[in-house]
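Colleague: Before I use this model for anything, I'd like to go through the labels on it. Can you put it up so I can ask where each one comes from?

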Amino acid sequence: MAMELENEIKAISDPASANGTMDFEDEELGKLVTENQSLKHRLHILNKAIAEHKSVPGELKVNSQFSILTHLADLFRDALSRLYDGQFVNNVTVAATNNPKFGDYQFNSSMTIAKMFSDRGVKKNPREIAADVMKELHTSEIVEKFEIAGGGFINIFLKR
């Protein structure tokens with residue numbers, strides 16, 4: 001039993017040593033490890049795409065495998081990447097709004113980023129962070145406008 005646990009821990013710690021095959025007694029654990037590897041791969045692809053767009057000013061285009069939420073999150077990751085040298089790109093939260101007066105979607109990360117600055121001893125107002133992000137946002141063929149609201153939200157209005 002102890003040897004099986006050691007092998008399982010080794011497989012989780014170093015998936016490459018398992019030659020692509022991992023057998024877990026706990027099926028749920030196996031699914032989670034596989035999903036984690038998939039998410040790491042997707043994160044790598046996203047970071048690579050952000051790096052490619054980082055130096056290219058202009059409009060981000062919609063591609064053939066389009067997701068509105070992903071596209072909007074990419075716009076904000078791109079802006080944050082340029083604004084804070086790659087920091088906070090994993091802290092992007094874009095969600096659909098419940099009220100049409102707030103647009104179609106909303107960027108909610110300014111407060112989280114302000115809190116992270118505060119934890120580092122730097123005082124930043126979430127609304128100022130939102131304003132800085134707005135300055136760095138590229139245009140998009142699906143977005144009519146962005147506007148700052150409340151304590152640092154950015155409302156996103158889609159073209160009709």
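What follows is a run through the labels, from the overall layout down to single residues.

Colleague: First things first, what kind of model is this?

Modeller: It's a predicted model. The protein has five helices and four strands, and along the sequence they come in the pattern α-α-α-β-β-α-α-β-β. Of its 160 residues, 32% are buried. The exposed area is about 10,300 Å², with 52% of that supplied by carbon and sulfur atoms.

Colleague: What share of the contacts join residues at least 24 apart?

Modeller: Among contacts between residues at least 6 apart in sequence, the share is 51%.

Colleague: Let's do the helices. Why are α3 and α5 called roughly perpendicular?

Modeller: The axes of α3 (residues 68-83) and α5 (residues 126-136) cross at roughly 105°. Roughly perpendicular covers 65 to 115 degrees, and the crossing angle of roughly 105° is therefore in that class. The two axes come within 9 Å.

Colleague: Which residues in α3 and α5 meet?

Modeller: On the α3 side you have Phe76, Ala79, Leu80, Arg82 and Leu83, and they meet Asp132, Val133 and Glu136 in α5. By class, that contact has five nonpolar, no polar and three charged residues.

Colleague: On to the sheet. What makes β1 and β3 edge strands?

Modeller: The strand order is β1-β2-β4-β3 in an open sheet with antiparallel pairing. β1 (94-96) and β3 (143-149) each have a single partner strand, so one side of each has no neighbour in the sheet. From one strand to the next, the twist averages 25°.

Colleague: How do you know that β1 and β2 count as paired?

Modeller: Pairing takes at least two bridges. β1 and β2 (residues 105-107) are joined by three, running antiparallel, so they pass that cut-off. Valine 94 stands opposite phenylalanine 107 in β2.

Colleague: And what makes β2 and β4 a pair?

Modeller: They have three bridges between them, also antiparallel, and with a cut-off of at least two, that makes them a pair. Glutamine 106 has asparagine 155 in β4 as its bridge partner.

Colleague: How many bridges do β3 and β4 have?

Modeller: Six, in the antiparallel sense, with β4 spanning residues 153-158. Isoleucine 148 stands opposite isoleucine 154, and phenylalanine 146 opposite isoleucine 156. The hairpin of these two strands has three residues between them, and glycine 150 there takes a positive phi near 55°.

Colleague: Why is β4 described as mostly covered?

Modeller: Five of its six residues are buried. Buried here means under 20% relative accessible area.

Colleague: Now the loops. Two residues between α3 and β1 caught my eye, aspartate 85 and phenylalanine 88. What stands out about their phi values?

Modeller: Both are positive in a residue other than glycine: near 50° for aspartate 85 and near 70° for phenylalanine 88. Most residues other than glycine have a negative phi.

Colleague: Is aspartate 85 buried or exposed, and how do you know?

Modeller: Its relative accessibility is 64%. Exposed means over 50%, so aspartate 85 counts as exposed.

Colleague: What about phenylalanine 88, buried or exposed?

Modeller: Phenylalanine 88 comes out at 5% relative accessibility. The limit for buried is under 20%, so phenylalanine 88 counts as buried.

Colleague: Why does phenylalanine 66 get the label partly exposed?

Modeller: Phenylalanine 66 lies in the loop between α2 (27-54) and α3. Its relative accessibility is 34%; that is neither under 20% nor over 50%, so phenylalanine 66 counts as partly exposed. Leaving out residues up to four places away in sequence, phenylalanine 66 touches His71 and Ile142.

Colleague: And what makes isoleucine 142 buried?

Modeller: At 16% relative accessibility, isoleucine 142 counts as buried, because the cut-off is under 20%. Isoleucine 142 is in the loop between α5 and β3.

Colleague: How far is isoleucine 142 from phenylalanine 157, in sequence and in space?

Modeller: They are 15 residues apart in sequence, and 8.8 Å apart in space, C-alpha to C-alpha.

Note on methods: Residues are numbered from 1 along each chain as its sequence is written. This is a predicted model: local features need pLDDT of at least 70, side-chain atom pairs count only at pLDDT 80 or more; totals for chains, interfaces and linings use all residues. Side-chain values use heavy atoms; hydrogens and water are left out. Axes are lines fitted to C-alpha atoms, for helices over the stretch in contact, and angles run from 0 to 180 degrees between N-to-C directions. Angles under 35 degrees count as roughly parallel, over 145 as roughly antiparallel, 65 to 115 as roughly perpendicular and the rest as oblique. Contact means heavy atoms within 4.5 Å. Ala, Val, Leu, Ile, Met, Phe, Trp, Tyr, Cys and Pro count as nonpolar, Asp, Glu, Lys and Arg as charged, and the others, Gly among them, as polar. Buried means under 20% relative accessible area, exposed over 50%, partly exposed in between (1.4 Å probe, protein chains only). Accessible areas come from the Shrake-Rupley method with a 1.4 Å probe; for residues, only the protein chains shown count as cover.
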